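Here is a short tour of a protein model for you to follow alongside the structure. Please keep the viewer open and turn the chain as you read.

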Amino acid sequence: MKGLRTGVAVLAVVVALVVQVSLFPHLAWHGIVPNLCLLVVVAAALTVEAPFAMVLGFTAGLALDLAPPADHVAGRWALALTVVAFLAARVRQDQKPSALAVVGTVAAASFVATSLFALTGVLLQDPAMSVSGLLEVVLVAVVWDVLLTPFVLPPLMRLFTRLSPQWATS
């Protein structure tokens, strides 16, 4: 079952990545698109063990860093999504999170991931990143991710729960 779960998680990341870099740029607002890879990582973090979610976050982030049209230093999304996986896994305790907790977790995860990505860009002197544009980027990213949460997280969380019943919260 563990191999199947890994395969399904990787497939979910690949599908999210393809949709994110091919379809969503046509829906971008000021160049900002929803982060489907982040939503996959949060779904995993809320339903399976934290180490698996963190490895998935690193993998999804690295794929996002390397996928065209990436124009930044590789590793920034990998760091951001690994941190998000850790933080989101801390939300899940001994019971299934409520719908409000899931949306709140996505909003917080989106804020943290986008802020971390943007701040590492400022620290690494990425010419596309400016301190003045940070607030708008973070705000729009959070809104995008929260709007997609009801469509992405429930089916993914059910799928991960079926594939990892020993880690499923009641």
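## Overall fold

How many helices and how many strands are there in the protein? The count is 6 helices and 0 strands. Please keep in mind that this is a predicted model. Starting at the N terminus, the order of elements reads α-α-α-α-α-α.

Next, the dimensions. The C-alpha trace spans about 45 × 30 × 30 Å along its principal axes. For 170 residues, a compact globule would be expected to have a radius of gyration near 15 Å, and the protein's 15 Å agrees with that.

## Inside and outside

Of the 170 residues, 45% count as buried. If you look at contacts with a separation of 6 or more, residues 24 or more positions apart account for 75% of them.

On the outside, the protein exposes about 8,800 Å², and carbon and sulfur atoms supply 73% of that area. As for charge, there are 8 positive and 7 negative charges, and their mean positions are 16 Å apart.

## Helix α4 and its neighbours

Helix α4 covers residues 76-91, and it is a good place to check the geometry. At 1.5 Å a residue, its 16 residues should span 22 Å; the end C-alpha atoms are 23 Å apart, so the two values agree.

Which residues of α4 are buried? They are R76, W77, A78, A80, L81, T82, V84, A85, A88 and A89. These buried residues pack against three helices: α2 (36-47), α3 (50-66) and α5 (99-123).

## The loop before α4

Between α3 and α4 there is a loop, and P69 lies in it. Take a look at the peptide bond from P68 to P69: it is cis, with omega near 10°. For context, most peptide bonds are trans.

## R162 in helix α6

Further along the chain you will find R162, placed in helix α6 (residues 134-163). Is R162 buried or exposed? Its relative accessibility is 69%, and exposed means over 50%, so R162 counts as exposed.

R162 also makes a nice pair to locate with R5. The two are 157 residues apart along the chain, while their C-alpha atoms are separated by 9.1 Å.

Notes
Residues are numbered from 1 along each chain as its sequence is written. This is a predicted model: local features need pLDDT of at least 70, side-chain atom pairs count only at pLDDT 80 or more; totals for chains, interfaces and linings use all residues. Side-chain values use heavy atoms; hydrogens and water are left out. Helices (H or I, at least four residues) and strands (E, at least two) are DSSP runs, numbered from the N terminus. The expected span of a helix is 1.5 Å times one less than its number of residues. Buried means under 20% relative accessible area, exposed over 50%, partly exposed in between (1.4 Å probe, protein chains only). Contact means heavy atoms within 4.5 Å. The radius of gyration is taken over C-alpha atoms; the globule rule is 2.2 Å times the number of residues to the power 0.38. Accessible areas come from the Shrake-Rupley method with a 1.4 Å probe; for residues, only the protein chains shown count as cover. Lys and Arg count as positive and Asp and Glu as negative; His and the chain ends are not counted. The place of a charge is taken as NZ of Lys, CZ of Arg, CG of Asp or CD of Glu.
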